[in-house]
Amino acid sequence: MTVAAAAHPPGALAELRGWVAVAAASARANVAYRATVAASVLSNVTLTVLRGYLALAVWEAQPGLAGYDTRRAVTFVVLGQALMTTFAAFGGMIDVPGRVENGGIVIDVARPFGFLRWWLAREIGRAAVFLVSRAVPAGAVGVALFGVVLPASGAAAAGFAVSLVFALLVSFGIRYLVALTAFWVTDARGTLAVSSLTMTFFSGAVLPLTIFPGAFGEVARVLPFGAIVQVPMDIYLRPAGGTGIGQALAFQAAWALVLLGASGLLTRLALRRVVTQGG
Amino acid sequence: MTAPGQEPTPPRQRRPPPDAPTGGLTSGDLTPAGLAPAGLAPAGLAGASAGPGSEIVIEAERVRKTFVQRRRIAGQRLRRERIDVHAVRDVSFTVRAGEIIGYLGPNGAGKSTTIKMLIGVLTPSAGRLRVAGLDPAHQRIALARRIGVVFGQRSTLWWDLPLRDSFELVRHLYRVPPGQFRANLARFVEMLDLGPFLDTPVRQLSLGQRMRGDLTAAFLHDPSIVYLDEPTIGLDVVSKAAVRAFLAEKNREQATTIMLTTHDTADIEQLCQRVLVIDHGRLGFDGDLATLRERLGGERTLVVDLAAPMPPLTVATPGAHVIRVDGPRQWLAFPARASAAPLVAEIAARYPLVDLAIREPPIEDVITRLYTTGPEPRPAAEPAAN
Amino acid sequence: MASGKTGPVAGVRRVREARGVRGDRGAGAVRGVRGIGGLLRAEARAYMLLVRVAFREAAQYRTSLALRSLTEAAATVLDLAAIGIVFAHLSALEGFSLAEVAFLYGTSALAFALAEAFVGPVDRLGWHIRDGRFDVVLIRPVSVLVQTATMAFSPQRVARVAQPAVIVVVSCLALHVHWTPDRVLLVPAMVLCGAVLAASAFVATAAVLFVAPDATVAVAASTQGSALAARYPMTVYGHHLALLLTVVLPIGFVSWLPALHVLSRPDPLGLPTALRFASPLVAAVAVGLAALAWRAGVRRYRSTGS
Ligand SMILES: Nc1ncnc2c1ncn2[C@@H]1O[C@H](COP(=O)(O)OP(=O)(O)OP(=O)(O)O)[C@@H](O)[C@H]1O
Ligand SMILES: [Mg+2]
């Protein structure tokens, strides 16, 4: 916002500054209430611990379940929980419906920063805060309590880092498309509920997708949702000398492209029919 | 319900609204009251005298509300400082049954905060509040049955339901007897012209229509006190007039005590017998409008029509001087506290006077002056006038 | 659309009319004398009224309602599938047989589902406060809790009770337990007390939102966490954590401790047997604490500047 007021630097630089400003504002808003951040960190750590112990018990009773040994399984569950919160695998978090309902959408549309860009930049800011405040503490607790394994190779570690970016893009794409339905249905709670359920279940956050049997599993593994938790974890847990990192990244990238393309198209349609309610 | 001794107050409403088009000399701001000797409040304006001797329904004693806000320190990314915002400080006043009180003040003065404390939405940080004999924060539910609230910016209606259903709900929540409900609803629908919208979901109503719905909902249970926080905000002239007429009518009919905040000076001029002015959380004035005008001084204007165009008049009356000449018409300013009589007499004696009118300083000016002079050292800063 | 005459509201009206037109003037004192019973009845009536309104509001958006109902059904199926997938691979967990684990899972899930059905929406409080919609709640003559618990009440949450109820019934049939009267009675009693405990936890944590309205996600996560913790044998979490979850946070009283009696098992944590029957007491204390927390929260409500 301060950027708009500043002298207009040319092209790309101005663009970049815009992104940084929006993302930073969003990040600040997400740390604005310290009590809230503290409560979220605490509850996230608690959930991580509980799920970690549960995984430990299950895999001790049934070693090798879903193709993971116990330490890998716990790693999957603990880091998966961290990814789930950072990338909002439970859906929502993009408040277009709220803006449509309270009329604030008019302001969003009137902003000289693209609508899609605005929300994506905000998501980047939010995810950065969540990564630091939710994922890192949960991961640290995981390392301390459960002996979470580290990536077996530099390639796996680098691939994991890249895959996080794609995970965010895919998660954003899905949630943004869902949020845009608010332009067509007066009450987006329905679509939100559907998406929330589907995303959570098929992202791999509830159960590793590798545990799903037969054709059900086959389908689950090609849907975009897996790109949010399952694929990054696959890359992370890839054994030394393992292949297919490039393929996994390509899978994510393809979905990210498709979803963002669709987002762009739908944004144009949506903005053509800004209906606001009340006065 | 009707307070004893509640006579219909001589209608302030008889004055045409100041936002009516002003044309010639005989326009709306010709106030007969202006001809009264200075210092004497025009009849019917002395708000504090409404329902003399009637019971006190609102009592605020050194009420205070402090919010803790956290702000980022300029230049520092993460450090934050704690700031105490004294939204309301040591405010004391009393309101008698049947009064219409205008609660004025610039943005952020603490008006909404005071109203919220009076309803029981906010708990005061210090001080004592009694509304209808109850402590709002601790006896909220009992109090809620006796009061009505309208927030101009916020609807109390059910967003997704037709207006009619919202009213039905109010009836059950407030336990309004069926007969009273039917009679009230029929009456209000007629007064506020709500008939066509009764079956429309609230979310599809325009601001003005919704506000009339909110007003109806607030009065359905015949509350004895009604608070309105900016009830006319964003409304057009017609809707504003409807809201004002409705409030005046309810006040006259049932001696409903009304307290409203507004930034619209016409609301004050037409409705309020008494005004409270708050600034930076402190009560700066409590009294009627005429007293306010008088205390703050300023100038009144005498407009004279002469038989023929003349050069600017020279008058001997102290403080009077010509401020504008337009053909045969001339405008003379003179101190608001002084009587107009000597000036009129002098002009009538020395010049060919055809017609004359006196204009009060516009209420906007008075209020602006009040806000800009600051809250503290001000002659008007005197506790309750009654 | 139904007119005001035939809507669900009308039923309540009939009840009121049957009770006669009683002037409300001076009724305050009388109401005080009628005491807590009368108060509870009045609150229950307001609760039902507002739930009906919520149903009606939901019915305004048919597509959304249909979608949400479908989702609810799908969620139940997927949830069952997830449990099925896990249990299919397990024969026992921490020395508890599959049927025993299912019994624990079902009773605690049912308790939480019941609590969710009654007071679930309280965790939305933060949203209402942030958009400034909460001032309106405080001007109505109905308790804040009743209004909050019914705001955005979704009809489907009632249906969420079905799935755990089925698990309870199936697991009871599969258990090899000698069903003495005390055991039979203990099952509904533990579900009821568990529901009260869970509801108290919901309300108490939601009270935090009065002070930190942005903590909605954290509050939701904490209820989710306690629901998760209650579902499996406490020993899963290791000795220390299990003690913490049983004695300090009363999660163990939701179903773990009473279930030990039903399953006639020794306590792996070595706690006194009497604790297995202490759930009603613990629930009563929890209700008291939740009420205190809620009141303190309402008093600290600071509205929004507008
Ligand atoms: N919920 C709140 N939290 C923190 N500060 C608040 C809150 N509500 C009001 N304030 C502060 O208290 C002061 C008084 O606010 P209030 O809303 O009462 O003003 P007002 O007189 O109603 O103004 P306006 O005419 O703009 O509506 C302001 O400085 C405001 O910033
Ligand atoms: Mg205000």
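How much area do chain A and chain C bury between them, and what part of it is on carbon and sulfur atoms? I opened the notebook with that one. This is a predicted model, and every value below is computed from it.

**Entry 1: chain A against chain C**

I found that chains A and C bury about 2900 Å² between them, with 80% of that area on carbon and sulfur atoms. I then looked up who loses the most on the chain A side: A:Leu50, A:Leu54 and A:Leu197 head the list, and together they make up 19% of what that side buries. In residues, the contact involves 30 from chain A and 31 from chain C.

Next I checked for charged and polar pairs. I counted zero salt bridges between chain A and chain C. The count of residue pairs in polar contact, with both residues at pLDDT 80 or more, is also zero.

I also wanted to know which helices carry this side. Two elements of chain A, α3 (34-61) and α9 (189-203), each supply at least two residues of the side that touches chain C. Of the elements, α3(A) gives the most, with 14 residues.

**Entry 2: chain C against chain B**

Here I noted about 3700 Å² buried between chain C and chain B, with 57% of it on carbon and sulfur atoms. On the chain C side, C:Ile139, C:Pro141 and C:Arg302 supply 19% of the buried area, more than any other three residues. The contact draws 37 residues from chain C and 37 from chain B.

How many salt bridges join chain C and chain B? I get two. One that I looked at pairs the side chains of C:Arg56 and B:Asp165, at 2.5 Å from N to O. My count of residue pairs in polar contact, both at pLDDT 80 or more, comes to eleven for this pair of chains.

For the elements, I listed those of chain C that give two or more residues to the side touching chain B: α1 (8-18), α2 (27-59) and α6 (134-139). The largest share comes from α2(C), with seven residues.

**Entry 3: a sheet in chain B**

I moved on to the strands. Four of them form an open sheet in chain B, ordered β11-β12-β10-β13, and the pairing is antiparallel. The edges are β11 (321-326) and β13 (353-359) of chain B, each pairing on one side only. From one strand to the next, the twist averages 20°.

Helix α9 (residues 341-350) of chain B packs on this sheet and touches β10, β12 (329-335) and β13 of chain B. I read off an angle of about 20° between the direction of this helix and that of β10(B).

**Entry 4: strand β10 of chain B**

I went through the partners of β10(B) in turn. Seven bridges join β10(B) to β12(B), running antiparallel. In that pairing, I matched B:Leu302 with its bridge partner B:Leu332.

On to β13(B): six bridges link this strand to β10 (residues 299-306) of chain B, again antiparallel. I wrote down two partnerships here, B:Val303 with B:Ala357 and B:Val304 with B:Leu356.

Is β10(B) mostly covered or mostly open? Mostly covered, I found: seven of its eight residues are buried.

Notes:
Residues are numbered from 1 along each chain as its sequence is written. Chains are lettered from A and ligands numbered from 1 in the order in which they are written. This is a predicted model: local features need pLDDT of at least 70, side-chain atom pairs count only at pLDDT 80 or more; totals for chains, interfaces and linings use all residues. Side-chain values use heavy atoms; hydrogens and water are left out. Two strands pair if DSSP finds at least two bridges between them. Helices (H or I, at least four residues) and strands (E, at least two) are DSSP runs, numbered from the N terminus. Axes are lines fitted to C-alpha atoms, for helices over the stretch in contact, and angles run from 0 to 180 degrees between N-to-C directions. Contact means heavy atoms within 4.5 Å. Buried means under 20% relative accessible area, exposed over 50%, partly exposed in between (1.4 Å probe, protein chains only). Buried area is the accessible area (1.4 Å probe) that two parts lose on being put together, summed over both. A salt bridge is a side-chain nitrogen of Lys or Arg within 4 Å of a carboxyl oxygen of Asp or Glu. A polar contact is a pair of N or O atoms within 3.5 Å; within protein, one must be able to donate a hydrogen and the other to accept it, and residues adjacent in sequence count only if both atoms are side-chain atoms.
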